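Before reading on, please look at the sequence and turn the model slowly. The report below moves from the whole chain to its annotated region and then to a few single residues.

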Amino acid sequence: MIAAVTDLVAGVTVGALQRQALLDALDWRVLLCHALNTTRVGLITGSERALTPDEAQRFGDLVQRRLAGEPVAYLVGQREFFGLPFDVSGAVLIPRPDTELLVELTLARLPQGGRVLDMGTGSGAIAVSLAHTRRDADVTALDVSADALAVARRNADANGVRVTFLHSDWFAALADTPPFDIIASNPPYIASGDRHLSEGDLRYEPVGALTDHADGLSALRILVAGAPAHLAQQGWLLMEHGYDQADAVRALLASAGYTDVQSWRDIADIERVSGGRRPL
């Protein structure tokens, strides 16, 4: 059936094509828009448009790849996050709505003209969203991956924001950097061997950004231990983590002396972010 996709769509109208979707309706529409270089409105107003052979081939190839499991965001090269468009590639994680909670919590705690650090920035989704919303803020982002930083820089430029990017393995490049009011991070937190790593979109995402190749807490431990040296007085460390890790992360923070330790729930009512203020 997959091999026949192109044959099914060649010469068909846009309207008829949308009535015979082989994929989730949203995926189908996004891929069709991408193949035709049009918008959702364009699909509606151009429902009688017949696909050319090149368009049919392009769309059929996309559908085949999606049926084989490739993430839609990688197929079209973009994903929306916090109302902004972000370029994505296999070098970075696909931004997810769950992570918008981390941005919201950071914004709520960021003082006027404050300094914020995004650790493990990937596509730059967190840092760029913060810089776009708070033009007064001084935003820094770092990543150990040079390829990820290249994507993040493109996203900062495309969204018209100023972010300082550093190539760094966690805190290594911060020796001479002034303290931050907030350190925010969505680190690798999936435990090695977790079945989710071999399921769905995660199969195509950079494994080093997903798992610490250990118990899922090693990167979080690094953040908890290293952040105090780079936080201002009363500064916050905010970390995204796994659906079942909130208790463990709060324990890490409490044992390290952080104050106001707490967790916050995401749109699925899962404790997704935990944090606390710099130890006294």
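What percentage of the 280 residues of the protein count as buried? The share is 49%, where buried means under 20% relative accessible area, exposed means over 50%, and partly exposed lies in between, with a 1.4 Å probe and protein chains only. This is a predicted model, in which local features need pLDDT of at least 70 and side-chain atom pairs count only at pLDDT 80 or more, while totals for chains, interfaces and linings use all residues. Residues are numbered from 1 along each chain as its sequence is written, and side-chain values use heavy atoms, with hydrogens and water left out.

## The whole chain

The secondary structure comes to 11 helices and nine strands; helices (H or I, at least four residues) and strands (E, at least two) are DSSP runs, numbered from the N terminus. Along its principal axes, the C-alpha trace of the protein spans about 70 × 40 × 35 Å. Among the contacts in the protein with a separation of 6 or more, 62% are accounted for by residues 24 or more positions apart, and contact here means heavy atoms within 4.5 Å.

One example of two residues apart in sequence is Phe59, which belongs to helix 5 (residues 53–67), and Ala35: they are 24 residues apart in sequence and 5.2 Å apart in space, C-alpha to C-alpha. Phe59 counts as buried because its relative accessible area is 0%.

## The annotated region

UniProt, in an unreviewed entry, lists residues 99–193 as "domain: Methyltransferase small"; UniProt positions are given in the numbering used here, feature names are shortened, and annotations may be inferred rather than shown by experiment. The end C-alpha atoms of residues 99–193 lie 23 Å apart, and the span is 34% helix and 22% strand.

The unreviewed UniProt entry also carries the annotation "binding site", which covers Gly120, Thr121, Gly122, Ser123, Gly124, Asp143, Trp170 and Asn186. From this set, Gly120, Thr121, Gly122, Ser123, Gly124, Asp143, Trp170 and Asn186 are taken in by the lining of the largest pocket. On a 1 Å grid over the protein atoms alone, a pocket is an open set of points with protein on both sides within 12 Å along at least five of seven lines, and lining residues have an atom within 4 Å of a point.

Two residues of the set can be followed further. Gly124 is found in the loop between strand 3 (115–119) and helix 8 (125–133), and Gly124 counts as buried because its relative accessibility is 0%. Leaving aside its neighbours within four places in sequence, Gly124 is in contact with Phe86, Ser129 and Ala152. Asn186 is placed in the loop between strand 6 (180–185) and helix 10 (218–226), and Asn186, at 18% relative accessibility, also counts as buried. With its neighbours within four places in sequence left aside, Asn186 is in contact with Thr99, Leu102, Met119, Gly120, Ile126 and Glu240.

## How helices pack

Two packed helices are described by the angle between their axes and the distance between the axes. Helix 7 (residues 100–109) and helix 8 pack at an angle of about 40°, with their axes 10 Å apart. Helix 7 and helix 8 are therefore oblique to each other. The contact is made by Leu102, Val103, Thr106 and Leu107 of helix 7 and by Ile126, Ser129, Leu130 and Thr133 of helix 8.

In helix 10, the residues Ala219, Leu220, Leu223, Val224 and Gly226 are buried, and what covers the buried residues of helix 10 includes strand 3, strand 6, strand 7 (231–240) and helix 11 (246–255).

## Two residues with a positive phi

Most residues other than glycine have a negative phi, and most peptide bonds are trans. The table gives two residues that have a positive phi although they are not glycines.

| Residue | Phi | Place | Relative accessible area |
|---|---|---|---|
| Asp260 | about 55° | strand 8 (residues 259–265) | 44%, partly exposed |
| Asp269 | about 65° | loop between strand 8 and strand 9 (271–277) | 52%, exposed |

Asp260 is thus a partly exposed residue of strand 8, whereas Asp269 is an exposed residue of the loop between strand 8 and strand 9.

Methods:
1 Å grid on protein atoms, 1.4 Å probe; cavity = no way out; pocket = protein on both sides within 12 Å on 5 of 7 lines; lining within 4 Å. Axes fitted to C-alpha atoms, helices over the stretch in contact; angles between N-to-C directions. Parallel < 35°, antiparallel > 145°, perpendicular 65-115°, else oblique.
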